[in-house]
Amino acid sequence: MTDPKPFVEIRHAQKSYGSLEVLKDISLTVQRGEIVAIIGPSGSGKSTLLRAINDLDPLTGGEIILDGVQVNKTLPHRQYEKHINGMRQQIGMVFQHFNLFPHLSVRDNVTMAPKLLKGISGKEADKLAEEQLTHVGMLERIDYYPSQLSGGQKQRVAIARALAMEPKLMLFDEATSALDPELVEEVNLVMKKLAEEHMTMIIVTHEMDFAASVCDRVLFMDQGVVVEEGPPGKIFKNPDMDRTKEFLRKHLAGSK
Amino acid sequence: MGLDFTVIPSYADALLLGVLWTIAITVSSAVLSFFGGIMFAVIALYAPLVIRLPFRFFAWLFMGTPLLLQLFLIYFGLVELGIDLPAFVAGVIGLGLHFAVYNSELIQTAIVAVDKGQMEAARTLGLSRPQALIKVVIPQAVRDVIPPIGNNMIALLKDSALVSVIGVTELTLSAQLAIGRTYRPFEFYAAAAVLYYIINLGMEAVLRRIERRTQLSR
Ligand SMILES: Nc1ncnc2c1ncn2[C@@H]1O[C@H](COP(=O)(O)OP(=O)(O)OP(=O)(O)O)[C@@H](O)[C@H]1O
Ligand SMILES: [Mg+2]
């Protein structure tokens, strides 16, 4: 049964860098609570699409709609800034290279934005940091600095930082691909936990096993288009398109 | 006539007062040059052209002309415009702005060098561009240039001797006044040199402390 009104709607997304067309008329809907994986070869436009959703890389055409509100509205500059900052508060993003704030403690990484943007008190902020860090299993490192953490720990803090804004939607851009293999699992576990809590997530990943076990739907992108999409069982076991088959064959051969 | 350092103790009070003035002027100018440097860097990088262009001229003026001339201009020159500043204030403004321009060059480079992912992460959380600059980018840029800014501050201490020419009785002028009475230039200039050196050591110790404190935040 599908919700009549999709939670995230991408309509005819188009993006060019000069004459290079990176996204070619991509349309996509995501339901509330749905978990979508985006896979595809390097340079296929996965990051560009993900980063268009919160307007980090603005589209050159098309619309992004979150929960009935258009993200990339056309507005005068000042009004647009206000609008987009409000929208971004509702969209959490996790980067491949964590991008934690190195000059802030773990606690302050988590609470800086809520304090500044939601005006919560110091006491509430402490409670929030404790909650969110407990959630990702990082409470005991609350007074550390990012430089004192492993990659996996950094990424878990980055997830807590995003969650502290109470986003409606979480975007992950290869959250584990900069990690040493033995640190991948701890981050995957946190993402699985979010999945169980019905967070709506769009996950760009190279980890097919993870996508298969966590995601409701998998999109295969190549050269700026969505070649094929469907449930993981279908895409990984029995894809329709030759390009998908070829990618999976190469990728699975490479990763084993 | 041989050297006679025994004259110094009777001028110890005057010299120590000179030390205090030197410290006061150095610290005040250092603070002004630090925050001024941040402000100038932001102007140079982000202000609209109508502000940036006059600002470049102003920066050129402070970097391209002698500090001594700038002090004369602020202390004596501004009087003609009806701005009669006390010597100490004129000295702090001159030294502070002069070094603010140098600090600003360092901070600009450091702001540009902060990883782009930092701005992105901040914007993703919903911070505006100015908020992201203030909370995320500038603190990291400043942290990165603490050592060279420290060197500028040591240079500032030494250049603070120049404000003696507009009549601030800091260490150099205190020594000169004592020399005027005793005709013992070597002894008093040597004493002043030792005192500058001690202040310098103190400053370096403070800088090392600040550097150590920011070690974790890299
Ligand atoms: N700022 C830019 N200027 C020009 N071209 C760009 C820019 N950013 C990305 N591209 C191009 O857009 C295409 C898609 O890039 P994108 O980063 O979205 O790919 P991706 O699918 O995320 O790849 P990867 O798996 O390597 O992360 C690439 O061909 C890339 O070279
Ligand atoms: Mg990418």
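## Starting in strand E8

Let's begin with Ile202(A), which sits in strand E8 of chain A, the run covering residues 200–204. Before going further, keep in mind that this is a predicted model. Is Ile202(A) buried or exposed? Its relative accessibility is 0%, so Ile202(A) counts as buried.

You can also pair Ile202(A) with Arg217(A), which is 15 residues away along the chain. The C-alpha atoms of these two residues are separated by 9.8 Å.

## What surrounds the ligand

Now look at ligand 1. Which residues surround ligand 1? Among them is a run you can follow along chain A: Pro41(A), Ser42(A), Gly43(A), Ser44(A), Gly45(A), Lys46(A), Ser47(A) and Thr48(A). The shell also includes Tyr17(A), Val22(A), Glu174(A) and His206(A). Sorted by character, the shell residues divide into three nonpolar, seven polar and two charged. Helix H1 of chain A, residues 46–53, supplies the largest share of this shell, with three residues.

A few atom pairs are worth finding on screen. A polar side-chain atom of Lys46(A) lies 2.7 Å from an oxygen atom of ligand 1. Ser44(A) comes in through its backbone, with an N or O atom 3.2 Å from a ligand 1 oxygen. For Tyr17(A), a polar side-chain atom is 3.4 Å from a nitrogen atom of ligand 1. How much of ligand 1 does the protein bury? Taken alone, ligand 1 exposes 630 Å², and the protein buries 59% of that.

## Along helix H1 and just past it

Stay with helix H1 of chain A for a moment, because Arg51(A) has its place there too. With 13% relative accessibility, Arg51(A) counts as buried. Its side chain makes a polar contact of 2.9 Å with the side chain of Asp57(A).

Asp55(A) lies in the loop between H1 and strand E4 (61–66) of chain A. The phi angle of Asp55(A) is near 65°, a positive value in a residue other than glycine. As background, most residues other than glycine have a negative phi. Asp55(A) is buried, with a relative accessible area of 8%.

## Another positive phi

Where does Gln223(A) lie? Look in the loop between strand E9 (217–222) and E10 of chain A. Phi of Gln223(A) is near 45°, again a positive value in a residue that isn't glycine. While Asp55(A) is buried at 8%, Gln223(A) is exposed, with a relative accessible area of 52%.

## Glu228(A), a buried charge

Strand E10 of chain A, residues 225–230, is home to Glu228(A). Glu228(A) is buried and yet has no salt bridge. Which side chain of opposite charge is nearest to Glu228(A)? That is Lys234(A), 4.6 Å away. A salt bridge needs the nitrogen and oxygen within 4 Å, so at 4.6 Å Lys234(A) does not make one with Glu228(A).

Glu228(A) has polar partners, though. Its side chain joins that of Thr244(A) in a polar contact of 2.7 Å. A polar atom of the Glu228(A) side chain also lies 3.0 Å from the backbone nitrogen of Met241(A).

Lys234(A), meanwhile, forms a salt bridge with Asp240(A), where the closest N and O atoms are 2.8 Å apart. Lys234(A) is partly exposed, at a relative accessible area of 29%.

## Salt bridges elsewhere

How many salt bridges does the structure hold? Over all chains, there are 21. One of them joins the side chains of Glu9(A) and Arg11(A), at 3.2 Å from N to O. Arg11(A) counts as partly exposed, with 34% relative accessibility. Glu9(A) and Arg11(A) also belong to a network of salt bridges that takes in Glu63(A).

For a salt bridge within a helix, turn to Glu131(A) and Lys127(A), whose side chains meet at 3.7 Å from N to O. These two are four residues apart in helix H4 (residues 122–135) of chain A, so about one helical turn separates them. Glu131(A) is partly exposed, with a relative accessible area of 42%, whereas Lys127(A) counts as exposed at 54%.

Notes: Residues are numbered from 1 along each chain as its sequence is written. Chains are lettered from A and ligands numbered from 1 in the order in which they are written. This is a predicted model: local features need pLDDT of at least 70, side-chain atom pairs count only at pLDDT 80 or more; totals for chains, interfaces and linings use all residues. Side-chain values use heavy atoms; hydrogens and water are left out. A residue is near a molecule or strand if one of its heavy atoms lies within 4 Å of it. A polar contact is a pair of N or O atoms within 3.5 Å; within protein, one must be able to donate a hydrogen and the other to accept it, and residues adjacent in sequence count only if both atoms are side-chain atoms. Accessible areas come from the Shrake-Rupley method with a 1.4 Å probe; for residues, only the protein chains shown count as cover. Ala, Val, Leu, Ile, Met, Phe, Trp, Tyr, Cys and Pro count as nonpolar, Asp, Glu, Lys and Arg as charged, and the others, Gly among them, as polar. Buried means under 20% relative accessible area, exposed over 50%, partly exposed in between (1.4 Å probe, protein chains only). Lys and Arg count as positive and Asp and Glu as negative; His and the chain ends are not counted.
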